[in-house]
Amino acid sequence: MSQQMASSGPAEIIRRASVKALQPHSGRDDVAGFAVIGQPFASGDLLCLRSFPASTFGPGYVSVWHRSPEGRWTVYTSVAPRQSCPRFIGAAVSSVVETPIEVDWTGPFDLSVRVPAGELDWNMRIADTPVTRMMNVMMAMMPEALFRSNFVLSIMSLMSTAMLNAGRFRLCGHVPNRQWFQAGPRRVWVIAEAKATIAGRDLGPPAPLAAQAMLGEVPLPQRGVVMMGAFSFEAYSPQRHLPSEPAAA
């Protein structure tokens, strides 16, 4: 990893790494970009962001997930649900809203997310730590083929669980709509500061939830974690997988 990349903020690193197209692979649905894997708040709410400018099953998209303190999931998506995150998690959410989403880097380490339709405003400051810097050096040296190994991803999951102090991680397994998934992070950061409001309600400071949130068998982190890289899923099949629209929609 170059000294220039090591000293850049995530805004510039993500901008330089952004890809507009991915090579399709048989049997796989692939996306690339960055994600706020999860950010819990003292109110009991949890927010997630997926910003994937490249996708093999449709246009690039942005998606924001909100889990209420009562455990109700709402997904906001910038494109049709079947071409976005509900393609993989629709069975576990209560509602899906297709709507514009604004994602803006307001500084090298500062990210702003707005969902006008949901009256959601979310601002965060992203940080490097000695642990994330060490993890990033390790991931930069890994050949791409290793991110296709569930054994390697399971070891990486255990390392992330031990090192990030964010609860249990799982970088491979199955999503709620029954597809397998593999996460291939190339960079990781933590969120140092975050503030969010929903319909004027302040979610309070970042804080772990009383019990780690799950989306199907996938745990969401107990502190803000950002990952940049590629994410792969089993290609969607209506004969084998659940529909992208939730039953309550």
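**Exercise 1. Which side chain does R240 meet in a salt bridge?**

Task: name the partner of R240, then decide how open each of the two residues is to the outside.

Solution. Remember first that we are working with a predicted model.
- Step 1: The salt bridge joins R240 to E234, with N and O 3.1 Å apart.
- Step 2: R240 has a relative accessibility of 48%, so this residue counts as partly exposed, which covers the range from 20% to 50%.
- Step 3: E234 has a relative accessible area of 14%, and because buried means under 20%, E234 is buried.

The general idea is that side chains of opposite charge can pair when their charged atoms come close.

**Exercise 2. How far can you trust the model?**

Task: find the average pLDDT of the protein, and look at how residues 1-6 score.

Solution.
- Step 1: The average pLDDT is 94, and 96% of the residues score at least 70.
- Step 2: Residues 1-6 have a pLDDT below 50.
- Step 3: Beyond near neighbours in sequence, that stretch has 7 contacts in the model.

**Exercise 3. Two pairs of rings**

Task: classify the ring pair F52 and F231, and then the ring pair F57 and F88, as stacked, tilted or edge-to-face.

Solution. A pair of aromatic rings is described by the distance of the centres and the angle of the planes.
- Step 1: There are 7 aromatic pairs in the structure.
- Step 2: For F52 and F231, the ring centres are 5.4 Å apart and the planes make an angle of 45 degrees, so this pair is tilted.
- Step 3: Now place the two residues along the chain: F52 belongs to strand β2 (residues 46-55) and F231 to strand β14 (residues 225-234), so the pair links distant parts of the chain, 179 residues apart.
- Step 4: F52 and F231 are both buried.
- Step 5: For F57 and F88, the centres are 5.5 Å apart with planes at 80 degrees; over 60 degrees counts as edge-to-face, so that is the class of this pair.
- Step 6: F57 is in the loop between β2 and β3 (61-67), while F88 is in helix α3 (residues 86-89), so the pair ties together parts 31 residues apart in sequence.
- Step 7: F57 and F88 are both buried.
- Step 8: Zoom out, and you find one aromatic cluster formed by F52, F57, Y61, F88, F231 and F233.

**Exercise 4. A charge over a ring**

Task: which ring does the charged end of R50 sit over, and how far is this end from the ring centre?

Solution.
- Step 1: Look for the ring of W65, because the charged end of R50 sits over this ring.
- Step 2: The distance to the ring centre is 4.1 Å.

**Exercise 5. Around R16**

Task: work out which side chains R16 pairs with or touches, including E12 and S8.

Solution.
- Step 1: R16 and E12 form a salt bridge, and their closest N and O atoms are 3.2 Å apart. The structure holds 11 salt bridges.
- Step 2: Both residues belong to helix α2 (residues 10-17), where they are 4 residues apart, about one turn of the helix.
- Step 3: R16 has a relative accessible area of 35% and E12 a relative accessibility of 29%. R16 is partly exposed, and E12 is partly exposed too.
- Step 4: Add R15, and you have a network of salt bridges linking E12, R15 and R16.
- Step 5: Next take S8, in the loop between α1 (3-7) and α2. S8 is buried, with a relative accessible area of 12%.
- Step 6: The side chains of S8 and R16 make a polar contact at 2.8 Å.
- Step 7: Not counting residues up to four places away in sequence, S8 touches I13 and R16.

**Exercise 6. A salt bridge between strands**

Task: in which strands do R114 and E102 lie, and how far apart are their closest N and O atoms?

Solution.
- Step 1: The closest N and O atoms of the R114 and E102 salt bridge are 2.8 Å apart.
- Step 2: R114 sits in strand β7 (residues 110-115) and E102 in strand β6 (residues 102-107), 12 residues apart.
- Step 3: R114 is partly exposed at 31% relative accessible area, and E102 is partly exposed at 32% relative accessibility.

**Exercise 7. Meeting S160**

Task: is S160 buried or exposed, and which residues is S160 in contact with?

Solution.
- Step 1: Find S160 in helix α5 (residues 150-164).
- Step 2: With 4% relative accessibility, S160 counts as buried.
- Step 3: Leaving aside neighbours within four places in sequence, S160 is in contact with M135, N165 and F169.
- Step 4: For a distance check, S160 and Q182 are 22 residues apart in sequence and 15 Å apart in space, C-alpha to C-alpha.

Technical notes: Residues numbered from 1 in each chain as written. Heavy atoms only, no water. Phe/Tyr/Trp six-rings, centres within 6.5 Å; stacked < 30°, edge-to-face > 60°. Buried < 20%, exposed > 50% of the residue type's maximum accessible area, 1.4 Å probe, protein only. Lys NZ or Arg CZ within 6 Å of the ring centre and 35° of its normal. Salt bridge = Lys/Arg side-chain N within 4 Å of Asp/Glu carboxyl O. Polar contact = N/O pair within 3.5 Å; in protein donor to acceptor, adjacent residues only side chain to side chain. Contact = heavy atoms within 4.5 Å. pLDDT = per-residue confidence, 0-100.
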